[in-house]
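Reader: Could you walk me through this protein structure, slowly please, as I am new to reading models?

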Amino acid sequence: MSLKDVSNKVISLNRRRGQKGRGPTTTNRSGSGPKARVIAITSGKGGVGKTSIVANLGYAFTKLGKKVLILDADLGLGNLDVLLGLAPKYNLSHVILGEKNIEEILVEGPGRMKILPASSGIQELTNLTREQKIDIFTQLDSLVNSVDVLFIDTAAGISSNVMDFNATAQEIVVVVSPEPTSITDAYALMKVLSLKYSEKVCKLLVNMTTRPEEGREVFRQLHLVTDRFLDLTSDYLGCILYDDKVTKGVKNQKIVSELYPDTQASRCFRDLARKIANSPPQKLPQGASNLFWKHLVQTSI
Ligand SMILES: Nc1ncnc2c1ncn2[C@@H]1O[C@H](COP(=O)(O)OP(=O)(O)OP(=O)(O)O)[C@@H](O)[C@H]1O
Ligand SMILES: [Mg+2]
């Protein structure tokens, strides 16, 4: 299936469902507010590189002198700790069960990044109750003020867990690979974010591209349909080139940026970190909260 076929498929899907009207793009840029920036890294399709991106981007941020916290929000199948060669004793399942508080499960990764590990293989955690979500978000909110940036590594797909974590973030980065299935799934994710969560802006990051032009082309195709059918603006964040060294790093349980700092993927991560750090946050929650969970409680949680 070519990229053109993909956008045609998406266009016909929308024709069947009826075209959505456009609304203004709103970003809350209140001058005062919390310190930390909260960025969710998400995707429709699995295996497109979210966890690798979060780990390497976090590390690149530490090299810029930033304090970084990473939340592994892939609650049923978390593997950020494995990728980083960590063996945490406790994880978010202990917080959810009320056995530990969030600070007690923190572990340190490369560049002294702080990691909140998730559990793996506990299916119940893929479907949290409203109270469990509120508890996690409340505890997170108090922790986030001690860092400059919180990255949230979500599970793939459009489950309510994934969507609620996305909706609490200030910025949502949708990761997509050049594969047609990844592109259609990214569109489906943005559609739910727009229709159900009233999100107005998403950033697109294209991973595993053979060259930068391919990243731009994937963005162009997706932008065409989001712009036409959704009340949501998609911005191009950039691309990460395909690099065998990323997988070599995974096999060694070390991130590529640490193991091979001069390889092309590591350079992409550094450029991306600089680009994000130099851009203003997309929206800022009001008051002392870093996350938008209070708003979520009133709406969809
Ligand atoms: N830029 C890249 N070049 C080459 N391989 C990559 C790149 N990015 C990620 N990968 C590889 O793709 C695979 C999937 O990566 P990763 O686990 O980060 O994806 P994910 O989106 O987090 O997956 P899941 O949806 O299961 O959580 C890994 O084997 C990783 O090494
Ligand atoms: Mg992952």
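Author: We can go through the overall make-up, the core, a pair of helices, the ligand and a few single residues.

Author: This is a predicted model, in which local features need pLDDT of at least 70 and side-chain atom pairs count only at pLDDT 80 or more, while totals for chains, interfaces and linings use all residues. Residues are numbered from 1 along each chain as its sequence is written, and chains are lettered from A and ligands numbered from 1 in the order in which they are written.

Reader: OK, how many helices and strands are there in the protein chain?

Author: The protein chain has 12 helices and eight strands, where helices (H or I, at least four residues) and strands (E, at least two) are DSSP runs numbered from the N terminus.

Reader: And what percentage of the residues is buried?

Author: Of the 301 residues in the protein chain, 47% are buried. A residue is called buried if 20 or more other C-beta atoms, placed from the backbone, lie within 10 Å of its own, exposed if 12 or fewer do, and partly exposed in between.

Reader: Which residues have the most contacts inside the largest nonpolar core?

Author: They are Ile70, Leu150, Val174 and Val176, in a core of 83 residues, and α2 gives the most to this core, with seven residues. Such a core is a set of buried Ala, Val, Leu, Ile, Met, Phe, Trp, Tyr and Cys residues joined through C-beta atoms within 7 Å.

Reader: What does Val176 touch, then?

Author: Leaving out residues up to four places away in sequence, Val176 touches Ser43, Val48, Ser182, Ile183, Ala186, Leu204, Val206, Val218 and Leu222; being in contact requires C-beta atoms, placed from the backbone, within 7 Å.

Reader: Switching to helices, how do α7 and α8 cross, right-handed or left-handed?

Author: The crossing is right-handed, a word used if the near helix is turned clockwise from the far one by less than a right angle, with anticlockwise being left-handed. The axes of α7 (residues 180-195) and α8 (residues 212-229) come within 11 Å and cross at roughly 40°, the axes being lines fitted to C-alpha atoms over the stretch in contact and angles running from 0 to 180 degrees between N-to-C directions. On α7 the contact is made by Ile183, Ala186, Tyr187 and Met190, and on α8 by Val218, Gln221, Leu222, Val225 and Thr226.

Reader: What classes are those contact residues?

Author: Seven are nonpolar, two polar and none charged, with Ala, Val, Leu, Ile, Met, Phe, Trp, Tyr, Cys and Pro counted as nonpolar, Asp, Glu, Lys and Arg as charged, and the others, Gly among them, as polar.

Reader: Which residues come nearest to ligand 1?

Author: Gly46, Gly49, Lys50, Thr51 and Ser52 do, out of 19 residues around ligand 1, and a residue counts as near if its C-beta atom, placed from the backbone, lies within 6 Å. By class, this shell has eight nonpolar, eight polar and three charged residues, and α2 (50-63), β7 (201-209) and α9 (244-251) each supply at least two of its residues.

Reader: Last one, where is Arg112, and why is Arg112 called exposed?

Author: Arg112 sits in the loop between β3 (107-108) and β4 (114-116), and it is called exposed because 10 other C-beta atoms lie within 10 Å. Its phi is positive, near 65°, whereas most residues other than glycine have a negative phi.

Conventions. Contact = placed C-beta atoms within 7 Å.
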